[in-house]
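Below are some points on charged side-chain pairs and on one further residue, set out for your reading alongside the coordinates. Please go through them in order.

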Amino acid sequence: MICRAVVTGVGHYLPERIVPNSAFEDSLETTDAWIRSRSGIERRHFAAEGETTSDMATHAARAALADAGRDPQDVDAIVLATSTADLTFPSAATMVQANLGMTRGFAFDIQAVCAGFVYAMANANALIVSGQARRVLVIGAETFSKIMDWTDRSTCVLFGDGAGAVLLEAQDSAGTKDDRGILATDLNSDGNFRDLLYVDGGVATRTTGYLRMQGNQVFRHAVEKLAETAETALARAGLGADDVDWIVPHQANIRIIQGTARKMKLPMERVVVTVQDHGNTSAASIPLALSVGRDRGQIRPGDLIVTEAIGGGLAWGAVVLRW
Ligand code: UT7
C-alpha cells in the first residue's frame, strides 16, 4: 500500500462581468475576428473594482470544499498558485485561510505564473505523500486585469480573471497505475527566457507594473515543451498517450492547445477547452477547466487526466492523475 493524493472535490468562481472581444474594438486597433482567429478567445471575465485574488480564491475554495463534503477545519494546508496576490505580502493563501475561518494548518502562495497550478499540485502531492498533510486545498486564482497595459493590443485582449480549486486528500492505494490520485508530475524552468514574458514592476521599481510578452516567441516554446513534459510525466507513471482520457491544458491559445494535442497524437475530442469563455487566466486556467469539464460531464471518476502548462520564467510542467 502507498499513499496517493486524490481529488475529492473541485469548484470554481468567475467574476460577474463578462467582456466580449468587441469591447476592445473602440479603444484599440483590433477586431473580434483577429482575437478569435489568433487565440480562440471570444470573451473573458474581469473582476469588479475592489474584488481581489483572495476573494475569488475563497469562493472557489468554498465550492471545492462543499463538493468534497468537507469543512474548512478538516484542511491541513492551503497552497495557492498566483502571480497577482492582493499585496506583496502576506500571501493570498493566508487571506483565504482567514476568510474560511480556519484556525489551524498552514497556507502559502506559489508563484510560477501560468504553470502555477501544476507546480502547486506537485508540491501539495509532495506534502501528502511525505505525511506532512492529509488534506490540502490547491487553488489557482488570478486578477490579470490589474496588470494589463490597456494600450497594448498584443497582450490586453488575451487575459482574464477567475479562480479554481481542488481538495486533495491522502488515500491508501495499491500503488499501481490504476490508482486514483496523482500518479506522476514533471516540473521544469529555464530563467534564461525570463525576458519573453514578465511584469515590468515589483519591489525593485516600487510599482505594480504591466505584463510584457513576446507572444510569438512564447508560442514557439509552448507546443514543444508542453508535449514533452506531458509525455515525460506519462512515462513516469508507466502510461502513454493512448491511456489518456482528457488533456486539461493551460488555456492560453487554442492554436497551442491544438498543436500540443497533435504532437501527442490525441484528437481534440479528448481535450477540455474553455479558452473561448475565460481567456488566459494564468494559474487559474487549469482548475477552472477541471471544474467546468466536470460540470459539463466530460471528466468522470476513473478518467486518466493530464494537465500541462507553460508561462513566465519560462516555467512549465505536467501532472498525471486519475480522477
Ligand atoms: O499563458 C502564458 C503563455 N502565453 C502564451 O502562451 C501566449 C503565446 N502566444 C500567443 O498566444 C500568440 O503568439 C499571440 C496570440 C499572442 C499572437 O499571435 P501570433 O500569431 O503569434 O501573432 P504575432 O505576435 O506574430 O503578431 C502578428 C501580427 C503583428 O502585426 P505585424 O507585425 O505582422 O504587422 C501584430 O502587431 O498581429 C498584430 N497584432 C494584432 N492585430 C490585431 C498583435 N495583437 C493584435 C491585436 N489585434 N490584438
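1. A residue is called buried here when its relative accessible area is under 20%, exposed when that figure is over 50%, and partly exposed in between. The model is a predicted one, and the burial terms in the points that follow should be read with that in mind.

2. T155 belongs to helix α5, which runs over residues 153–156. Because its relative accessibility is 0%, and the cut-off for burial is under 20%, T155 counts as buried. Leaving aside residues up to four places away in sequence, T155 is in contact with M148, L211 and M213.

3. Turning to charged pairs, how many salt bridges does the structure hold? The count is 13, and three of these pairs are taken up individually below, with the distance from N to O given for each.

4. D32 and R36 form a salt bridge through their side chains, at 3.0 Å from N to O. Both residues sit in helix α1 (residues 32–39), and because they are four residues apart there, about one helical turn separates them. R36, with a relative accessibility of 38%, is classed as partly exposed.

5. A salt bridge also joins the side chains of E169 and R70, at 2.9 Å from N to O. This pair links distant parts of the chain, since E169 is in strand β7 (residues 161–173) whereas R70 is in the loop between α2 (53–68) and β4 (77–81), the two being 99 residues apart. As for accessibility, E169 is at 6% and therefore counts as buried, while R70, at 31%, is partly exposed.

6. For R104 and D76, the side chains meet in a salt bridge at 2.6 Å, again taken from N to O. R104 is found in the loop between α3 (92–99) and β5 (106–110), and D76 in the loop between α2 and β4, so this salt bridge ties together parts of the chain that lie 28 residues apart in sequence. Here R104 has 38% relative accessibility and is partly exposed, whereas D76, at 14%, falls in the buried class.

7. Beyond individual pairs, which residues are joined into one network by salt bridges that share partners? They are D32, R36, E42, R43 and D277, so that the pair within helix α1 described in point 4 is to be read as part of this network.

Methods: Residues are numbered from 1 along each chain as its sequence is written. This is a predicted model: local features need pLDDT of at least 70, side-chain atom pairs count only at pLDDT 80 or more; totals for chains, interfaces and linings use all residues. Side-chain values use heavy atoms; hydrogens and water are left out. A salt bridge is a side-chain nitrogen of Lys or Arg within 4 Å of a carboxyl oxygen of Asp or Glu. Buried means under 20% relative accessible area, exposed over 50%, partly exposed in between (1.4 Å probe, protein chains only). Contact means heavy atoms within 4.5 Å.
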